[in-house]
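Hi everyone, thanks for coming. I'd like to walk you through a structure that is new to most of you, so please have a look at it first.

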Amino acid sequence: MPDYETFEHDVLIIGAGGAGLRAAIEASAAGVRVGLVCKSLLGKAHTVMAEGGIAAALANVDDRDNWKVHFADTMRGGQYVNSWRMAELHAKEAPDRVRELEAWGAVFDRTKDGRILQRNFGGHKYPRLAHVGDRTGLEMIRTLQDHGIHQGIDVYMEHTILSLLKDGDRVVGAFGYERRPRLQNHEQ
Ligand SMILES: Cc1cc2nc3c(=O)[nH]c(=O)nc-3n(C[C@H](O)[C@H](O)[C@H](O)COP(=O)(O)OP(=O)(O)OC[C@H]3O[C@@H](n4cnc5c(N)ncnc54)[C@H](O)[C@@H]3O)c2cc1C
């Protein structure tokens with residue numbers, strides 16, 4: 001076994017929380033070969049801890065909500081130092097991302113008439129958090145994982161990236177190590 005191995009991918013995504021998993025699904029759908037690296041086991045990212053829910057102006061509970069109010073809340077919550085363009089994209093796209101999770105099998109709590117239930121959360125003018133009890137993050141990551149593993153993504157678990165490899169100004173790869181269980185004394 002060599003001391004090192006090289007893997008080649010068209011797209012390498014470092015991190016397999018909600019952001020990384022969704023990026024991997026998108027890249028894979030474009031038909032390229034995708035590698036997804038996480039330093040822990042797949043599914044054990046911070047995303048799993050998100051208990052409150054997902055902010056999205058679906059207006060299921062209060063029809064005064066819309067992406068503009070969500071955008072304003074986000075900018076105010078960030079003391080106006082946040083990137084307005086990212087906040088705008090987030091506010092505009094969040095409802096479609098929640099509906100997409102639902103279509104991929106995510107379970108949400110429901111209103112009496114069967115729509116995704118939303119609740120209040122700090123900084124939100126109207127009830128906006130799509131949720132399932134206090135385990136929304138778990139449901140989100142489970143759904144993305146279930147969907148992602150059928151897309152042909154190569155997953156490298158327990159691989160920690162230490163540095164990015166560059167060709168001039170362009171990032172062309174990454175260098176890291178695989179964590180292996182420590183050998184007991186008698187096995188060394
Ligand atoms: C307790 C708690 C409660 C929260 N509640 C909410 C909530 O209710 N609603 C909400 O919207 N947000 C909530 N958040 C925030 C939300 O969870 C995070 O903003 C979101 O999950 C970040 O997602 P991510 O994919 O960017 O990162 P993460 O989910 O943190 O994933 C990071 C990934 O990167 C990998 N990684 C990191 N470094 C390396 C490396 N060097 N090499 C290889 N892999 C690496 C990790 O293994 C992991 O897979 C909460 C956060 C916490 C901690």
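Let's start with the aromatic rings. How many aromatic pairs does the count come to? The count comes to two, where rings of Phe, Tyr and Trp (its six-membered ring) pair if their centres lie within 6.5 Å; planes under 30 degrees apart count as stacked, over 60 as edge-to-face and the rest as tilted. One is Phe-7 with Tyr-156: the ring centres are 4.8 Å apart and the planes stand at 50 degrees, so this pair is tilted. Phe-7 lies in the segment before E1 and Tyr-156 belongs to strand E6, residues 154-156, so the pair ties together parts that are 149 residues apart in sequence. When I say helix or strand, I mean DSSP runs, numbered from the N terminus: helices are H or I with at least four residues, strands are E with at least two.

Are these two rings buried or exposed? Phe-7 counts as partly exposed, at 44% relative accessibility, while Tyr-156 is buried, with a relative accessible area of 13%. The cut-offs are these: buried means under 20% relative accessible area, exposed means over 50%, and partly exposed is in between, with a 1.4 Å probe and protein chains only.

Trp-67 and Phe-71 also form an aromatic pair, and it is tilted, with 6.2 Å from centre to centre and 55 degrees between the planes. Both residues sit in helix H2, residues 67-77, four residues apart, which is about one turn of the helix. Trp-67 is partly exposed at 29%, and Phe-71 is partly exposed too, at 22%. Trp-67 has a further partner: the charged end of Lys-92 sits over its ring, 4.6 Å from the centre. For that we ask that NZ of Lys or CZ of Arg be within 6 Å of the ring centre and within 35 degrees of the ring normal.

A quick word on where this comes from. This is a predicted model, in which local features need pLDDT of at least 70 and side-chain atom pairs count only at pLDDT 80 or more, while totals for chains, interfaces and linings use all residues. Residues are numbered from 1 along each chain as its sequence is written, and side-chain values use heavy atoms, with hydrogens and water left out.

Now to the charges. Side chains of opposite charge can pair when their charged atoms come close. The count here is 17 salt bridges, each being a side-chain nitrogen of Lys or Arg within 4 Å of a carboxyl oxygen of Asp or Glu. One of them joins Glu-100 and Arg-22, with the closest N and O atoms 2.8 Å apart. That pair links distant parts of the chain, since Glu-100 is in helix H3, residues 84-103, and Arg-22 is in helix H1, 78 residues away. Both Glu-100 and Arg-22 are buried. They also belong to a network of salt bridges that links Arg-22, Glu-26, Glu-93, Arg-97 and Glu-100.

Staying with H3, Glu-88 and Arg-85 meet in a salt bridge at 3.1 Å, N to O. They are three residues apart in that helix, about one turn. Glu-88 is buried at 13%, whereas Arg-85 is partly exposed at 41%. There is also Glu-102 with Arg-110, whose closest N and O atoms are 2.7 Å apart.

On to the strands, where two strands pair if DSSP finds at least two bridges between them. E1, residues 11-14, and E2, residues 34-37, pair in the parallel sense over four bridges. Between them the chain passes through helix H1, residues 18-29, and this β-α-β crossover is right-handed; that is, with the strands pointing away from the viewer, the path from the first strand over the helix to the second runs clockwise. Further along, E7, residues 159-167, and E8, residues 170-178, run antiparallel and are joined by eight bridges. Ser-163 stands opposite Phe-175 in E8. The E7 and E8 hairpin has two residues between its strands, and there Gly-168 takes a positive phi near 65 degrees.

Last stop: which residues other than glycine have a positive phi? Among them is Gln-79, with phi near 55 degrees, in the loop between H2 and H3, where it is exposed at 62%. Glu-158 has a positive phi of about 55 degrees as well. Glu-158 is in the loop between E6 and E7 and counts as partly exposed at 23%.
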